[in-house]
Amino acid sequence: MADRDVERGDLLQGTLDMLVLKALQLAPMHGWGITERIQQWSRQVLQVNQGSLYPALRRLERQGYITAEWRVTENNRRARYYQLTAAGRRQLTAERAHWERLSAAVNLVLRTAE
Amino acid sequence: MPSVRTIRDWWWRVRHREAAERELDEELQFHVDMHAEQGRRLGLGTAEARRRALVALGGRERFKEEMRDERGGRWLEDAGRDLRLGLRALRRAPGYAAAAVASLALGIGAATAVFTLAYAVLLKPLPYPRADRLVAVGHAAPGFGVERGGLSDGTYLHYRAHSRTLADLGAYLDRVLNLTGGDEPELVDAALVTPNLFGVLGARPLLGRVFSDAADGPGAPPTVVLSHALWVRRYGADPRIVGRTIEINRLPREVVGVMPPDFHFPGPRTQLWFAFPVEPASSAGLRNLYLTGVGRLRAGVEPSEAAAELQHLAATLPYADAAPERLAQGGVQARVVPLRKEMTRDVRPALVLILGTTAFVLLVAWANVANLALVRAERRRREVAMARALGAATRHVARRALAEAALVAAAGGVIGLAVARVGAGLRFGFSAGELPRLHELRVDGVVLAVAVGLTLASALVLTAVTLAAGHGAGYSLLRGTGRATAGREARWTQRLLVALQVALSLTLLIGATVMARSYRQLRAAELGFDPTRVLAFDLELPFRPYPTYRASAAFYADVLARIRELPGVVDAEAADLLPLTTLPEVQLVAVATEDAAPGSTASETALGLATPGYFAAMRIPLLAGRGFERADLAAAEPGVMVSAAFARAHVGGTTAAVGRRLRIGERRAQWFRIVGVVGDVPGATIAAGARRAVYLPVLSDPPVDSAQAARLPLWPGAETIVVRTTVPPGRIVPAVRRAVHAVDAKVPIARVRTLERVVDGALARARLVAWLLAAAAGTTLLLGVIGIYGVLSYAVSLRTSEFGLRIALGTPPAAVGRMVLRQGVAVTLVGIVAGAGAALALTRLLRGLLYQVSPHDPAAFAAMPALLLAVALVACWMPARRAARADPAAALRAE
């Protein structure tokens, strides 16, 4: 399923999924934290829309790339934390390779046009 | 395919739906709180931070929906919800729900029930391995008066030896045998079978062995195979029965095997099998086609190819009586037909007819449900339009419709299947002899699949109609006056459906009327005898203690004398040519009359015996001449009596018959003289008409000597005793039994019945067909009337204000009523014209089942349309009256 999404070249969705997986690569994190992290890492360029994020999280969960559990934050609030699974790690590697190939190709095209 | 994990996940979701919803809310709440917190840190006021967080989140419900969509198992949850909503909606419309469920239950129930019957009897493969290769083998020889004959010894041997299309050929012969050697002698139905027959069928025994050519060929010791039923009933399921010797017709026979309980061949009443090896014949015996052939085709051979081969083989029959000109004279034709078809040949037309009728009922039920659904859909247009305006996708609307339809169809299907099961349990009122293969009747997987299929089809029909009606329900409905008027298209569909219903029910009404009239003709048919309070039973005298005419006649005289002395008995007589009885082949003979041209004979004349008092006891009138007298057998030309039908056909009428001479059987020199002519009685069936019969007397005083007896073609052996009583005949059975056993305790009494029951039985099939058609016609009429009424009522309810306006503008109320009436009548008339046309085709199919009624019976074709029109008028009248009473003031206020 994920493969099909990638092949379809659905940049937006595929990209968001990849970014979410990347954000979870180091440590488990809740939805808000994922938004924050992506914003930080992209130096505020990428604004993650919550309306897309949460459905994406459910989708990744259903695909078995991430798992979720309720934990307590440092501020003592209950939050739903997402964690990368082994399949998720593999998927991240694969999507990353695909992305690099794709962006390289796009760059190549753009440069040639100049 | 969903993986196990996914399925578990779905299950979890469904089980924990509320928990999942709570989690969803909590997670979003957390997000908003964190966002607001961040805003506060950036220096916004608490309220403003919160507002911005909420705005950022956007349409919360909408994306909760999206999250739910992303979660697995969504559709399962939705299906559950749709079904619950559907149930609620149906509960709010109990009238619609009841009418729709009842219509479908009726349609599906009738169709499933009749299919169960037709499948078991007509379609299901016979319970033998590769049963599709089994064929019935025989001949037709119209030139010899044989329409459907079997095989003779000569043809059987020749075909079996030389056929290449048949892997093997067996044959059998039905017989009634006398089981003796127990407490009570008993007559049982048996089959004499060629030793290879079990092998041809591929049947295996439960115990012991079946016959084989090697062990049971000509000259082998006599053996017998028992049916499971007989083994259990008479021998207490004795496991050591194989090897034991039992007595049949007072001769010992060794039991070599017992068949399993589901083996019934050739019929459900067959209790035992004799090995009957066909011995080398001296002639082809083309007129003596007494064996029923059962062959097994080689792989890939069609019955028609086998028939062609046998036809070719017939030309090479090595017998003197099978010369080419003889074959041509008899018009001898080999017949090879699938065994399944041959077994059900007699009942096929009736069953196919009933199956067709049921299809009509199902169609009418569907039309009715479609109409109900249309009306309902019209009422719900606004609801649907509203749902759409609020963002429900087309698929959501469709799913709701499907859920509701599924509920209605499932309820109808369950009730229908229950009806079919009950019907199958009761065997639809048939008794074992009336229909072949009845013991195979059950609601099995195939029947279940058909019921489920019909239910699914019903659900689809219902959904399609609902959606088609709802289609195009646009936003416009939400604007303006809010009056939902029926779409032009929907109204046309409704009228078409009503016309269809009228047409179908008229077809069935006419068919049912024609059948009912035929049944009445049958019932009113002159029976020619009086069956009231007459007991009948069969006795079969074994040859050994009664080897002579004289001994048998004396036995019967003694038995009859004892029965006549019993209280409540008026008459007791013996005969073997009873009305409504199928005669054994030996009693159908050729009779030559005195002045008939040589070679022309009255073939297929029924020959039987009767005691002198038989005709009086049966109330069969003497039309000419006299009854039997004591000296009739001692005369040089023994006296016989003939039926009026015989007299008319062969000796120039009733009065001319008396005194004429005739010869009985081929190549017999003995002359007989006709002393009297008696009234006609029907042959095997009422519809078959009067029997051409020649009766010989059973006389015991003075005793018939052996020289006299030798001249007779028939001696008393197996006779039927008829006892006319003043009390209910069943009551004297024990006394009669004692009387017979007082004369000879080893003679069994079989087939005790009353003649009233026999007459009933003869009418059974016609009655059943008439009843089923009448029931189907009544049902469709009722459904049709409901359809007309429903559609007109609804049309009127939509146009009430229009009618009010018209009245306000000066149209007389009666004219408004007439307008509505005209509409209903027009639809009905269209249906009537179409229905009458279809009925012409249907009754033509009925032709074979009719007795003295024309398939184009004018009474039925005139009366039924009139009846239907009258009923339709009543159904139209109520809505018309309502239209005429529309309140003009209310209409004016509303506009």
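These are my notebook entries on a predicted model with chains A and B.

**Entry 1: getting my bearings in chain A**

I started with chain A and listed its secondary structure, which comes to 5 helices and 3 strands. Reading along the sequence, I wrote down the pattern α-α-β-α-α-β-β-α. I then looked up burial: of the 114 residues in chain A, 30% are buried. For contacts with a separation of 6 or more in chain A, I noted that 48% join residues 24 or more positions apart.

**Entry 2: the sheet in chain A**

How are the 3 strands of the sheet in chain A ordered? I found an open sheet that runs E1-E3-E2, with antiparallel pairing. Its edge strands are E1 (29-30) and E2 (66-72), each pairing on one side only. Next I checked E2(A) against E3 (residues 78-84) of chain A and counted 7 bridges, in the antiparallel sense. Val72(A) has Arg78(A) of E3(A) opposite.

Between E2 and E3 of chain A there is a loop, and Asn76(A) sits in that loop. I jotted down its phi, a positive value of about 65 degrees, although Asn76(A) is not a glycine. Is Asn76(A) buried or exposed? Asn76(A) counts as exposed because it has 6 C-beta neighbours inside 10 Å.

**Entry 3: one side of a helix**

I moved to helix H3 (residues 31-41) of chain A. Which residues of H3(A) are buried? My list reads Gly31(A), Trp32(A), Ile34(A), Thr35(A) and Ile38(A). They cover an arc of only 165 degrees around the axis, so they lie on the same side of H3(A). A reminder to myself: an α-helix has 3.6 residues a turn, so residues three or four places apart point the same way. Just past the end of H3(A), I came to Arg43(A), with a positive phi of about 55 degrees.

**Entry 4: over to chain B**

For chain B I noted 28 helices and 22 strands. Chain B has 895 residues, and 43% of them count as buried. I looked up contacts here too: among those in chain B with a separation of 6 or more, 83% are between residues 24 or more positions apart.

**Entry 5: Phe115(B) and its contacts**

I wanted an example of a contact across the sequence, and I picked Phe115(B), in helix H6 (residues 94-123) of chain B. Why does Phe115(B) count as buried? Because 20 other C-beta atoms lie within 10 Å, and 20 is the number at which a residue counts as buried. Leaving out residues up to four places away in sequence, Phe115(B) touches Val447(B) and Val450(B). I checked Val450(B) further: it is 335 residues from Phe115(B) in sequence, yet the C-alpha to C-alpha distance is 8.3 Å.

After H6 I followed the loop that leads to strand E1 (134-141) of chain B, where I found Arg130(B). Phi of Arg130(B) is positive, near 45 degrees, and the residue is not a glycine. With 12 C-beta neighbours inside 10 Å, Arg130(B) counts as exposed.

**Entry 6: a strand covered on both faces**

Strand E9 (residues 272-275) of chain B came next. I noted Leu272(B) and Phe274(B) on one side, Trp273(B) and Ala275(B) on the other, and all of them are buried. Which way does E9(B) pair with strand E4 (residues 186-193) of chain B, parallel or antiparallel? That pairing is parallel, over 4 bridges, and Val193(B) has Ala275(B) as its bridge partner. With strand E6 (residues 223-226) of chain B, E9(B) pairs in the antiparallel sense over 3 bridges. There, Leu226(B) stands opposite Leu272(B).

**Entry 7: cis peptide bonds**

I wrote down a cis peptide bond between Phe265(B) and Pro266(B), with omega about -5 degrees. Pro266(B) belongs to the loop between E8 (251-258) and E9 of chain B. I also wrote down a cis bond between Asp701(B) and Pro702(B), where omega is about 5 degrees. For Pro702(B), I placed the loop between strand E20 (693-697) and helix H23 (706-710) of chain B.

**Entry 8: checking the span of a helix**

My last check was on H16 (residues 394-425) of chain B. At 1.5 Å a residue, its 32 residues should span 46 Å, and the end C-alpha atoms are 45 Å apart, which agrees. Just after H16(B), I noted Arg427(B), with a positive phi of about 55 degrees.

Definitions and conventions. Residues numbered from 1 in each chain as written. Chains lettered and ligands numbered in written order. Predicted model: local features only at pLDDT ≥ 70, side-chain atom pairs only at ≥ 80, totals over all residues. Helix = DSSP H or I, 4+ residues; strand = E, 2+ residues; numbered from the N terminus. Contact = placed C-beta atoms within 7 Å. Arc of directions from axis to C-beta. Pairing = 2+ DSSP bridges. Expected span 1.5 Å × (residues − 1).
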